[in-house]
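Trainee: I would like to learn how to read an interface between two chains. Could we go through one together?

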2 protein chains.
Amino acid sequence: MGLDNASVKPHERLAAHLSDDMAAVNALIRERMASKHAPRIPEVTAHLVEAGGKRLRPMLTLAAAGVCGYEGPYHIHLAATVEFIHTATLLHDDVVDESAQRRGRPTANLLWDNKSSVLVGDYLLARAFQLMTDTGSMRVLSILSNASATISEGEVLQLTAAQDLRTGEDIYLQVVRGKTAALFSAATEVGAVIAGADETVVDALRDYGDALGISFQIVDDLLDYWGTGEIGKNIGDDFRERKLTLPLIKAVAKADATERAFWSKVIEKGNQEDGDLEQAIALLTKHGALEDTRKVAIAWSDKAKAALEIVPESDLRDMLCDIADYVVARLK
Amino acid sequence: MGLDNASVKPHERLAAHLSDDMAAVNALIRERMASKHAPRIPEVTAHLVEAGGKRLRPMLTLAAAGVCGYEGPYHIHLAATVEFIHTATLLHDDVVDESAQRRGRPTANLLWDNKSSVLVGDYLLARAFQLMTDTGSMRVLSILSNASATISEGEVLQLTAAQDLRTGEDIYLQVVRGKTAALFSAATEVGAVIAGADETVVDALRDYGDALGISFQIVDDLLDYWGTGEIGKNIGDDFRERKLTLPLIKAVAKADATERAFWSKVIEKGNQEDGDLEQAIALLTKHGALEDTRKVAIAWSDKAKAALEIVPESDLRDMLCDIADYVVARLK
């Protein structure tokens, strides 16, 4: 099948390895997404769920269960749960305020109004909790409801912290854990739990998901100033949304008075003019903030791989290892 | 204490009877609402949770558990869960679209922006699921996650059905079950379940909650054309929001061609002018739609009381019966 070829990306190799399970996950998603009474629900979710991103999160659940030798059937439910929670988060992120719409940039919810995004997101969350309940595992429910609380707490924290120049790396890490790593780590942890793995293996897979998620989000934030836009994000999106991400936090820490005034103007006051994004990138480069951020991402990727060391060897374990490499390879 | 005095309203009498438990519920709500990391969370929820509406839903859970002889401690968790789900629903209902804001009416989320309403609502939902998990009862989790799905499904259905003159009483009932009765019936059902009540009693208390919730919502919809605004709702709010509620559905069913054109103009097309609300009320009166709606509300209230007949007699049971009377007594 040529899937071991070096040109095949690690997440594609993982997807090929898990293709039967992922087909079952997709079927379950379609089944549970349906609503007999409210046809708008599948209309709204179709473009999110069917468009099929990389499905990285449900694959992590399947892979974690597989690494622990689980043969089913509830890894399918848990993978669908994780994808539903992720999709609900995307829908709720689509909700914008008038002020955001007024800035004239295209918003994520062009297709659907705020109200539909909120209510359909709620529906998917409820469906996610129904799916977890099906597994009959109280521990799984506890892990995933804790993750849900951490996700929304992180998002709320971001609302207040992201436009405040006093925000340091510790708060940034907390936001990242909330908005990304909480679901990654819950995804791998529940896979191990449903498989009845040893506690050390459960811990290792949770730590792997946590570190992978942090690395993933730092890379995402870095690509906002570095990337080519190939992953569906435009350079400078975070800047225009006045999000104080790690590259900026590192540059602000080294800023002199003039530079600090610049950051305050564009981030805190939101007074952005032509040329400001270029000026921001120049300051990030001057202080080595992009390179320093890249090093942090790589350190988290290494931490993810190290966590896997105590996990019994298998093809799947190697693939999880490759995923950790691939996350930071996007920076090359 | 004078609480048996006839001038004391039934929900006040119930609150007095349950005051110790309600104090525990309120303490648990305050504890679980807190966020170490995101101070905006308690800011947003305080005015909703502390302002303390009637707390009818958590009292229903406590009363249902009490009627079945339960002595604790998880009825407290479940009552707090139900209140969290209700508060999250209110927050998500606060989310508005630009079009709604543009109509110039005061919106519910004047204090908080859309994004905060969504994310803090999500946080409360996650907290609700954590609370349920604490009870260790998978059946309770199943009931409440089903209720959550029904609630959001009902709200989504309302988005599309409410401005469509083809919407009949069957669809209306489905919306009402979603937006109100699903949580009422889950509130009473989980009280009975956690108490380990007989299945017939569980069914009876669930049916009581369902019928009470339907009656409650029909009365609420009726008061929009009938009330004095004392319950914090202004006459004509639903009309201005173009919601096709039961009184309108009954009037549309009897409308001649001219009247139908009027309803289409004000509800479907949203083209409302001065005097249209008065014209709507005149049509509702002409066709007896307000009186007919009142009869439907009373029939559901009667159904709620009938459901209680097989429940063992107690002061609490009588109070639940009085609550069903009180819901429709608001119409006098």
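**Reading a two-chain interface**

Mentor: Gladly, and we can start with salt bridges: the rule (a side-chain nitrogen of Lys or Arg within 4 Å of a carboxyl oxygen of Asp or Glu) finds 0 of them across the interface of chain B and chain A. Keep in mind that this is a predicted model, where local features need pLDDT of at least 70 and side-chain atom pairs count only at pLDDT 80 or more, while totals for chains, interfaces and linings use all residues. Residues are numbered from 1 along each chain as written, chains are lettered from A in the order in which they are written, and side-chain values use heavy atoms, without hydrogens and water.

Trainee: How many residue pairs are in polar contact across the interface of chain B and chain A?

Mentor: The rule finds 12 such pairs, with both residues at pLDDT 80 or more. A polar contact is a pair of N or O atoms within 3.5 Å; within protein, one must be able to donate a hydrogen and the other to accept it, and residues adjacent in sequence count only if both atoms are side-chain atoms.

Trainee: Which helices of chain B each supply at least two residues of the side that touches chain A?

Mentor: They are H3 (40–49), H5 (74–93), H6 (98–102), H7 (114–135) and H8 (138–161); helices are DSSP runs (H or I, at least four residues), numbered from the N terminus. H8(B) gives the largest share, 14 residues. By class, this side of chain B has 17 nonpolar, 17 polar and 11 charged residues; Ala, Val, Leu, Ile, Met, Phe, Trp, Tyr, Cys and Pro count as nonpolar, Asp, Glu, Lys and Arg as charged, and the others, Gly among them, as polar.

Trainee: How is the size of an interface often given?

Mentor: It is often given as the accessible area lost when the parts come together. Here the buried area (accessible area, 1.4 Å probe, that two parts lose on being put together, summed over both) is about 4100 Å², with 66% from carbon and sulfur atoms. Chain B and chain A contribute 45 residues each to the contact, meaning heavy atoms within 4.5 Å.

Trainee: What rotation superposes chain B on chain A?

Mentor: In general, two copies of a chain are related by a rotation about an axis and a shift along it. In this case the rotation is 180 degrees with 0.0 Å of shift along its axis, and the RMSD is 0.0 Å, by least squares on the C-alpha atoms of residues with pLDDT of at least 70 in both copies. The two copies are therefore related as by a two-fold rotation axis. The same surface serves both, as 100% of the contact residues of chain B recur in chain A.
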